[in-house]
Amino acid sequence: MKRIDIVGHRKWWFSLSSLLVIIAFICIFMKGFNFGIDFTGGTILDLKFEQTVTVAQVREGLRKDNLENSVIQLSGDTFEESGKKVIIRTRSLTADEAQTIVSHISDSVGKTEINRIETVGAVIGSEVTKNTLLNVGLSFAVLVLYMSIRFEYRIAFSSILAILHDIIVVLGVFSFFQLEIDASFLAAILTVLGYSMNESVVIFDRIRESIRTHKRTDSFKILANDSIYQTIRRSFYTLSTVLFATGSLYFFGGETTKNFALVMLVGFISGAYSSICVATSLWVTWHEHASSRRNESLKSNKK
């Protein structure tokens with residue numbers, strides 16, 4: 001079976017990745033993000049129904065007002081998965097909007113009365129957001145240091161660029177479709193970061209081992225391609241497993257977990273692609289450029 005020259009097609013990978021990143025940036029700057037109530041604050045509706053209701057019924061009642069992604073929980077006495085008291089946390093509402101939504105819920109779910117309507121502040125304030133970004137930045141710095149010590153600085157920066165590519169792609173998808181970004185989004189992004197880094201470490205660890213066993217006449221491209229094909233089956237099995245789990249969570253986990261699962265679905269696919277095609281291609285290109293400069297320098301010195 002003829003093998004595909006993955007690194008040899010690096011121009012295609014660089015073009016595709018550049019296009020995705022450019023589109024993502026355009027969406028981010030033109031459309032921005034749809035931040036959820038964790039970032040912007042919101043309104044709490046404390047309702048009491050005459051009959052027992054389920055969370056799914058209430059969520060369906062909110063669909064008419066496009067609020068089906070709201071946080072809904074049963075309170076008070078519950079009977080298995082149903083109860084008479086429900087607390088809904090949604091985006092900030094005016095008094096009139098709240099009354100209209102309650103009216104729609106009464107029409108579709110059952111007669112209800114309002115215990116309280118309360119406006120609350122953001123769970124994740126600007127200070128926490130800054131601390132989160134700072135921690136992510138420190139994580140990147142530690143990863144660069146770790147991979148520079150374990151491998152070399154070229155591998156470290158190639159891997160970091162691939163991870164940045166994955167995060168930007170995820171952000172672009174959420175911006176383009178205006179999907180809600182909440183607290184779970186940050187957790188999913190960190191999971192994607194870890195997955196992408198793990199894939200890069202596996203491939204580059206094999207490259208490091210192969211450097212000792214390959215012929216000195218082998219090019220960096222041959223070395224990288226051989227290392228990719230030695231690890232690609234393992235990467236495929238890992239990707240299939242995580243996609244099965246996150247896909248099940250996305251399609252069967254309910255409305256509240258959809259965005260969380262979608263971040264990981266997009267991020268895992270992008271992470272596998274960038275680790276195999278982008279990070280290794282960057283490393284080979286960097287090494288070839290450095291070798292070319294050394295050869296030119298030697299030729300000029302001989303003259």
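The following legends describe close-up views of a predicted model.

**View 1. Packing of helix 6 against helix 7.**
Helix 6 spans residues 153-176 and helix 7 spans residues 183-213; their axes come within 10 Å and cross at roughly 145 degrees. The crossing of helix 6 past helix 7 is right-handed. On the helix 6 side, the contact is made by I155, S158, S159, I160, I163, D166, I167, V170, L171 and F174. Their partners in helix 7 are F185, I189, V192, L193, S196, M197, S200 and F204. Sorted by class, the residues in this contact of helix 6 with helix 7 comprise 13 nonpolar, four polar and one charged.

**View 2. The largest pocket and its lining.**
The largest pocket holds about 490 Å³ of space. Its lining consists of 25 residues, of which G36, N69, S70, E180 and N259 are the closest to the pocket centre. Two or more lining residues come from each of strand 1 (34-35), helix 2 (37-40), strand 4 (82-90) and helix 9 (255-302). Helix 9 makes the greatest contribution, giving four residues to the lining of the largest pocket. By class, the lining of the largest pocket contains seven nonpolar, eleven polar and seven charged residues.

**View 3. Surroundings of N259 in helix 9.**
N259, one of the residues closest to the centre of the largest pocket, belongs to helix 9. N259 counts as buried because its relative accessible area is 17%, which falls under the 20% cut-off. When neighbours within four places in sequence are left aside, the residues in contact with N259 are F174, L179 and E180. Of these partners, F174 also takes part in the contact of helix 6 with helix 7, and E180 is itself among the residues closest to the pocket centre.

**View 4. The buried residue A162 in helix 6.**
A162 is located in helix 6. With a relative accessibility of 0%, A162 is classed as buried. Not counting residues up to four places away in sequence, A162 touches S274 and A279. A162 and S17 stand 145 residues apart along the chain, and their C-alpha atoms are separated by 9.5 Å.

**View 5. F236 in helix 8 and its distance to A272.**
F236 is part of helix 8, which covers residues 220-252. F236 is classed as exposed because its relative accessible area of 53% is over the 50% cut-off. In sequence, 36 residues separate F236 from A272, while the C-alpha to C-alpha distance between F236 and A272 is 8.4 Å.

**View 6. S75 in strand 3.**
S75 lies in strand 3, which runs over residues 71-79. S75 is buried, its relative accessible area being 17%. Apart from neighbours within four places in sequence, S75 is in contact with K85, V86 and I87. Strand 4 (82-90) is also one of the elements that give two or more residues to the lining of the largest pocket.

**View 7. E113 in strand 5.**
E113 is found in strand 5, residues 112-120. E113 counts as partly exposed because its relative accessibility of 47% lies between the cut-offs of 20% and 50%. With residues up to four places away in sequence not counted, E113 touches D46, L47 and K48. E113 and I163 are 50 residues apart in sequence, and their C-alpha atoms are 49 Å apart in space. I163 is one of the helix 6 residues that meet helix 7.

**View 8. Positive phi at the loop residue N66.**
N66 sits in the loop that links helix 3 (55-62) with strand 3. Although N66 is not a glycine, its phi is positive, at about 60 degrees. The relative accessible area of N66 is 63%, and N66 is exposed.

**View 9. Positive phi at the loop residue Q178.**
Q178 is placed in the loop between helix 6 and strand 6 (180-181). Q178, a residue other than glycine, has a positive phi near 50 degrees. At a relative accessibility of 30%, Q178 counts as partly exposed.

Key: Residues are numbered from 1 along each chain as its sequence is written. This is a predicted model: local features need pLDDT of at least 70, side-chain atom pairs count only at pLDDT 80 or more; totals for chains, interfaces and linings use all residues. Side-chain values use heavy atoms; hydrogens and water are left out. Axes are lines fitted to C-alpha atoms, for helices over the stretch in contact, and angles run from 0 to 180 degrees between N-to-C directions. A crossing is left-handed if the near helix is turned anticlockwise from the far one by less than a right angle, and right-handed if clockwise. Contact means heavy atoms within 4.5 Å. Ala, Val, Leu, Ile, Met, Phe, Trp, Tyr, Cys and Pro count as nonpolar, Asp, Glu, Lys and Arg as charged, and the others, Gly among them, as polar. On a 1 Å grid over the protein atoms alone, a cavity is a set of points where a 1.4 Å probe fits but cannot get out, and a pocket is an open set with protein on both sides within 12 Å along at least five of seven lines; lining residues have an atom within 4 Å of a point. Grid points are joined across faces, edges and corners, and a volume is the space filled by probe spheres set on the points. Buried means under 20% relative accessible area, exposed over 50%, partly exposed in between (1.4 Å probe, protein chains only).
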